[in-house]
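Welcome! Take a moment to turn the model around on your screen, and then let us walk through it together.

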Amino acid sequence: QVQVAESGGGPVQAGGSLGLSCVASGRILDIDIMGWYRQVPTKEREYVGEITKGGETNYAESVKGRFTIYRDNGKNTVYLQMNSLQPDDAGVYYCNAGVRYGNIDEYYRDVFWGQGTQVTVSS
């Protein structure tokens, strides 16, 4: 089994900053892409950005220039630094990871999701 867990959510005022972390654990052999998504109850889950194992990043247009994604492969951890936050940025932020897991003789590949961490932005 593989577990993914986000942390760092909380309240922030508009214009402020907040940093999130996401750690993958379990019988992990390798992790490829790690991504961030967000969701509010009335909308579908929205893509925020992602990062490859080699550090190449992609961002949604709505967050480009304000959010930064980086990772520590030795810790199986991806980070999301959010700056200039606005009320529209509020929601539950989810992390996922494309993982090769199991044993060397018997392994699998799948995408795992965390349970999310709440971000609220006050105006």
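Which residue in β10 is the bridge partner of Arg100? The partner is Arg109. Keep in mind as you look that this is a predicted model. The protein has eleven strands and zero helices, and a good way to get to know it is to start with the whole and then visit a few residues.

**The whole protein**

- Reading along the sequence, you meet the pattern β-β-β-β-β-β-β-β-β-β-β.
- A compact globule of 123 residues would have a radius of gyration near 14 Å, and the 15 Å of this protein agrees with that.
- The C-alpha trace spans about 55 × 25 × 20 Å along its principal axes.
- Buried residues make up 40% of the 123.
- The accessible surface is about 6800 Å², and carbon and sulfur atoms hold 46% of this area.
- If you take the contacts with a separation of 6 or more, 54% of them are between residues 24 or more positions apart.

**Strand β9 and its partners**

- Strand β9 is mostly covered, with eleven of its twelve residues buried.
- Strand β4 (residues 28-39) runs antiparallel to β9, and nine bridges join the two.
- One place to look for this pairing is Gln39, whose bridge partner in β9 is Val92.
- Val92 also stands opposite Gln118 in β11, and β9 and β11 are antiparallel strands joined by three bridges.
- Strand β10 (residues 107-113) is antiparallel to β9 too, with seven bridges between them.
- β9 and β10 form a hairpin, and four residues lie between the two strands.

**The disulfide**

- A disulfide is a covalent bond between the sulfur atoms of two cysteines.
- How many disulfides does a search of the whole structure find? It finds one.
- The disulfide is formed by Cys22 and Cys95, with their sulfur atoms 2.1 Å apart.
- Cys22 belongs to strand β3 (residues 18-26) and Cys95 to strand β9 (residues 91-102), so the pair ties together parts that are 73 residues apart in sequence.
- The torsion about the S-S bond of Cys22 and Cys95 is about -80°, so this disulfide is left-handed.
- Both Cys22 and Cys95 are buried.

**Thr77, a threonine in β8**

- Thr77 sits in strand β8 (residues 77-82).
- Is Thr77 buried or exposed? Thr77 counts as buried because its relative accessibility is 5%, under the 20% cut-off.
- A polar atom of the Thr77 side chain lies 2.9 Å from the backbone oxygen of Lys75.
- Beyond its neighbours within four places in sequence, Thr77 is in contact with Cys22, Val23, Met34, Tyr70, Arg71 and Asp72. You have already met one of these, Cys22, as a partner in the disulfide.

**Thr117, a threonine in β11**

- Thr117 is placed in strand β11 (residues 117-122).
- Thr117 has a relative accessibility of 11%, so it counts as buried.
- A polar atom of its side chain is 3.0 Å from the backbone nitrogen of Gly9.
- Leaving aside neighbours within four places in sequence, the contacts of Thr117 include Glu6, Ser7, Gly8 and Gly9.
- Leu20, Gly91, Val92 and Tyr93 are also in contact with Thr117. Among them, Val92 is the residue that stands opposite Gln118 in β11.

Methods
Residues numbered from 1 in each chain as written. Predicted model: local features only at pLDDT ≥ 70, side-chain atom pairs only at ≥ 80, totals over all residues. Heavy atoms only, no water. Buried < 20%, exposed > 50% of the residue type's maximum accessible area, 1.4 Å probe, protein only. Polar contact = N/O pair within 3.5 Å; in protein donor to acceptor, adjacent residues only side chain to side chain. Contact = heavy atoms within 4.5 Å. Disulfide = S-S within 2.5 Å. Rg over C-alpha atoms; globule rule 2.2 N^0.38 Å. Areas by Shrake-Rupley, 256 points an atom, 1.4 Å probe, with all protein chains shown as cover. Pairing = 2+ DSSP bridges.
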